[in-house]
Every structure is written in C-alpha cells, then in structure tokens.
Amino acid sequence: MENLAQKLNISPFLASLLVKRGLKDPKEAEKFLIPRIEDLHSPFLIDDIKKVVKRVGEGIARRERIMITGHDDVDGITSTLVVMKTLRSFHPDVDYYIPDTKREGYGLPGELLKSFSSQGVKLLITVDSGVSDFQGAKLAKSLGIEVIITDHHEPQEELPQAQAVINPKRNDCTYPFRYLAGVGVALKFSLALLESFGGNDKGFLKEFLPLVALGTIADKVPLVGENRILSKLGAEELGLSTKPGIQTLRRMSRGGPGLDPIDDIIELLRFGHIKGGKSDIVELLSAKDSAQAEIICDHLKQSGRLWRKEAEEARKMVTREAETDGPIIVAVVPRVGVSLLGYCASFLSKEERKPTVVIGRRADLLVGEGRSPQSFDLFKAFSYCRDCFLQYGGHKRAAGFSMRPEMLKSFIDRIRDYARNHLLLPPGQEDYDLKVPLQLLNQEVLSDLKRLSPFGQANPEPKFLTPGADVQEVKEFYLGEWKLSEATIDGRPFLIWGDPPSKGKKDLIYSIKGRHRGWLCLRIQR
Ligand SMILES: [Mn+2]
C-alpha cells in the first residue's frame, strides 16, 4: 500500500482504497486513475462491422431514408443520439423513433414497421435493442426494409435474420471487451462509420463522450476496462461541455452537495417522456439554446418530485407492514405500485441489512422484487423456490418474479427455509472499504474520491466505518427541497444527507457525498 502511494505519488488514503478494489499493481492502478483514449479497442475488431459500414455506405450513395430505433431508457436514448449525429453528418435523410415500452412493449410492433415502410424507409438501425426481436426483423424484411442490429443484451443461441448483428456479447464475436452498454456499442459503430467515410472522428468523440458516460453509468454495466475509460473521460467532458442542454442539466439537476454531477443528471434523465416516438431527452441534449433546455429540465424535475412523493409513501407503508425478524424479510403490500417494489426492497434491505422481498399485485398475479446485501445470493434463493413462480430472473443482489396468489404461502415457507440454511456473514464485515477515525477526514479526501469516480456497477462509492463515533447534536434543515441535517460527531460539525443518525455512541458506516458551507457531507448507512 505504501509502495503504491509512493510510486503513484498519491495519498495513503487513496492507495488503500485502490488496494481494496484489487488494484495493487501500480500500472493497473494508474490506468484506472488516468484512463487514456488510446487504450480503447478499434471498432473494426467487432464482428460484422465491415459489412455494416459497407451497407450504410450504399444507403448513403443511394440516398435512402434511414430510421434509427432505440430502447426508451437513458442508455437507449443516448445511443440513438450518438448514431443519429453521426449519420446526419454525412446524410440528410435520417430520423429516429423510440417505442414506449410501457405501451408498445419490447420489440418493434408490426404497425410501426408498416408505417416506416410507407414512409419509404429502406434501412433500419436498432440501438440498445433488437437482438431478441426475431419477429420484427422478419417482418421488416418482408416489407423491404433491411435491418442492422446494434445491441448489448445477451443474445439467444440463434440471431434474428438481420443484415448484420453488432453485439460484443455474441458467442462468435472476438471483440476483446464484452460489457459495453448499448451506447458503447453505438459509439463503436459510429466511430467505424466516421473513420470509413472521413468524418472528423476526434471532434465527434469529444462530443459523444458525455453521452456515452451517461448511458453507460445509467445502464449499470460494470465500470471496468473500456467502460472505465468511457465513464471517466465522459464525466470529465460532461463537466466542461458548453452545449446548452448539458450546461442546463449541470445547473438544474443539482439536488444538494453531491460529489459527482453526473449522478444527479442521470437521476433527472430517468424521468424523460416519450411521445409519438420522440423523446424529450433527445430534444434536451441537442437543444440549441438554454431557454428550451430549461423548460424540459423543469418538466423532468416536476416528474421527479412526483415520483419521490409516491416513493416516500410506498416506503413508509412497506416499512410499517414488514416483519423484520428472521433472516429474510418478506413484505406483502398489494397497495404499493409495481414500479416502486424494487425501490422499497432496496431501501428496507439496506436499512435492516437483510435480504428483502417486497411483493405487490399486477392484475390477478403477484409480482415480487428482491434486493440483498453482498452476503446473500438472491438469485440462487429464487432458483430454490422456482416451482412457485411463473417467471423469475435477475442477479445475485437484485431479482424479481411473478406468481399465482395461491403459491404465496409455499413461497414464503420455502424462501425462509433457504435463508435459514444459508447463513449470512455477520452484518458489517463486508460492507465497508476502510475503517477510519473521523479526524482523518479532511477536504483532501474529497479530491481523492473524485479521482475514483464516477461510481457505478463494479466501481461502487466507497464506504467507511468509524467505530464508537459519538453523535452529540443533530439539527434538521432544508436546502431547497432536500432535507439535510447538521450533526456534531466526535466534537466536529458534519452535514448529513438523508436520514440523520440518532444521538449517542455507535459504529457509523457512511459514504462521503461532498462539501457544503465548508463542512463534509456524509450519508450514513446506519
Ligand atoms: Mn442498455
């Protein structure tokens, strides 16, 4: 650790955090701290990319109408923007359509493809979607539309019958990095086109990086390898961008003294709206002036406030009704909206440090969302109960299911049985990065943390433990619409983001969120 600090000329604090993340080797640690654009792989290593470049080139020569369709989340929308900007730089006839998955479901509906065909679309490019849309590809073909699929979702054994499928997760794809987000794949595709058709790819790369970082972090892909390069450099560009949309987002998304504006921006972008295939986020990110951008941002903030109000109510209801004894929490709350189950499970699981399943109702079925601490494999637990479900899926720490109501009792028995027999590690042991006395926390730790950011999957925000901290005084106040508190801990003032600690001596686990009025701002876990 000292060796690493010396070699890289960094603080022992930062060196310990790097070592804790498995970055013991100075070369690797340096690559992580100072990622370089030159370390990105060539897009031409992706299978089928040459074929795709050739097909787009023919489309440009024949002046075909090109349509882009994308998934309606932050990753899909930023993907759409990247490919659209690229194509429009050398071809005028390009448009996009983002289906609203809540109403139109996954996959391209026949109606839509027919309307593309009647508009004279000859080439369709999917971004962040399409790899499982067998029907859509087939129908498009029968309508005389050729399809290029660019995606990062797990492909099935067979691929849809498209002109080409660009996906680093294809079994036969030899590309060296599998975990690009949809927008990472869109970037590769765009760079290949720009390189082939003589666009100014350096300038474009700079313009695309903030979009790529937003989509990559929002989509929760692991921020390692190329994703670390793209997220870090993209977050830096995002901080410098003079685009009206991004400048307005930087100014208006700040909820409080957060460390990284990119997290606040992503939070806001999640409240985007789709209408008639058009996204207000596309409009916002390509806005020509800040007045237009402000109107859209205001709209997003309003939707965010509404969501938080509903989420808060749901959270209270679930907390009130959940039995928290025993190794696993199962809360049945049919009145809570299905879209809030995951949020409630995540809250309760962190609060109680136990795996938590929150079950609601959709039509005449029950649906559940589970979240768990590092020490418990929820996906395995659900697999053990699979006889109870109609469908289930997910990962170790987040998973969901649907089932018939008459299965509820046997599910609860089974999952309790599983949890009893798969002992958790004692709480606390694995849940922090470093044990630190509060005196060690000075303003420099903020710049050290900033060097590790942006945080996300596989690069989580560091957590700290201070044993026996003495919380002496707590005073709540509002900063804009956000509740904060001032707390005196071990004789020193801190700002607390979120729920304040109770008074008295205790072991505090917390993350460091930023600085306000010269005080460090902590988010306390318990
Ligand atoms: Mn995606």
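What share of the 526 residues in the chain is buried? Buried residues make up 40% of them. The model described here is a predicted one.

## Overall build

The chain holds 19 helices and 18 strands. Its C-alpha trace spans about 75 × 60 × 45 Å along the principal axes. The radius of gyration is 24 Å, which agrees with the value near 24 Å that a compact globule of 526 residues would have.

Contacts can also be sorted by distance along the sequence. Of the contacts in the chain with a separation of 6 or more, 64% are between residues 24 or more positions apart.

## The five-stranded sheet

Five strands make an open sheet with parallel pairing, and their order across the sheet is β2-β1-β3-β4-β5. At the edges stand β2 (94–97) and β5 (164–166), each of which pairs on one side only. From one strand to the next, the twist averages 20 degrees. Helix α5 (residues 74–88) packs on this sheet and touches β1 (65–70), β2 and β3 (121–127). The direction of α5 makes about 160 degrees with that of β1.

At the β5 edge, three bridges pair β5 with strand β4 (residues 146–150) in the parallel sense. One residue pair can be named here: Thr150 has Ile166 of β5 as its bridge partner.

## Nonpolar cores

The largest nonpolar core contains 81 residues. Those touching the most other members are Val83, Leu124, Ile166, Ala213 and Leu214. Helix α9 (residues 182–197) supplies the largest share of this core, nine residues. Another core, of 31 residues, lies apart from it and has Val330, Val336, Cys344 and Leu378 among its members.

Ile166 thus appears both as the bridge partner of Thr150 and among the core residues that touch the most other members. Beyond its neighbours within four places in sequence, Ile166 is in contact with Ile46, Asp48, Ile49, Val52, Ile149, Thr150, Val185 and Phe189.

## Unusual backbone geometry

Most residues other than glycine have a negative phi, and most peptide bonds are trans. Several places in the chain can be set beside that rule.

Asp48, one of the contacts of Ile166, is not a glycine but has a positive phi of about 75 degrees. Asp48 sits in the loop between α3 (26–33) and α4 (49–61). Asp48 counts as buried because it has 20 C-beta neighbours inside 10 Å, and 20 or more are needed for that label. Arg63 also has a positive phi, of about 55 degrees, without being a glycine. Its place is the loop between α4 and β1. Is Arg63 buried or exposed? Arg63 counts as exposed, because its C-beta neighbours inside 10 Å number 11 and the exposed class takes in residues with 12 or fewer.

A cis peptide bond is found between Ser453 and Pro454, with omega at about 0 degrees. Pro454 belongs to the loop between α19 (444–452) and β14 (464–479).

## A helix pair

Helix α19 packs against helix α2 (residues 12–20) at an angle of about 30 degrees, and the two axes are 9 Å apart. The crossing of this pair is right-handed. On the α2 side, Phe13, Leu14 and Leu17 make the contact. On the α19 side, the contact is made by Val445, Asp448, Arg451 and Leu452.

## Strands β9, β11 and β12

Arg362 is part of strand β9 (residues 356–362). With 12 C-beta neighbours inside 10 Å, Arg362 counts as exposed. Leaving out residues up to four places away in sequence, Arg362 touches Val338 and Val367. From Arg362 to Pro334 the distance is 8.6 Å, C-alpha to C-alpha, with their positions 28 residues apart in sequence.

Strands β11 (residues 391–394) and β12 (residues 398–403) run antiparallel and are joined by four bridges. The hairpin that links β11 to β12 passes through three residues. Across this pair, Tyr392 stands opposite Phe401 in β12.

Definitions and conventions. Residues are numbered from 1 along each chain as its sequence is written. This is a predicted model: local features need pLDDT of at least 70, side-chain atom pairs count only at pLDDT 80 or more; totals for chains, interfaces and linings use all residues. Two strands pair if DSSP finds at least two bridges between them. Helices (H or I, at least four residues) and strands (E, at least two) are DSSP runs, numbered from the N terminus. Axes are lines fitted to C-alpha atoms, for helices over the stretch in contact, and angles run from 0 to 180 degrees between N-to-C directions. Two residues are in contact if their C-beta atoms, placed from the backbone, lie within 7 Å. The radius of gyration is taken over C-alpha atoms; the globule rule is 2.2 Å times the number of residues to the power 0.38. A nonpolar core is a set of buried Ala, Val, Leu, Ile, Met, Phe, Trp, Tyr and Cys residues joined through C-beta atoms within 7 Å. A crossing is left-handed if the near helix is turned anticlockwise from the far one by less than a right angle, and right-handed if clockwise.
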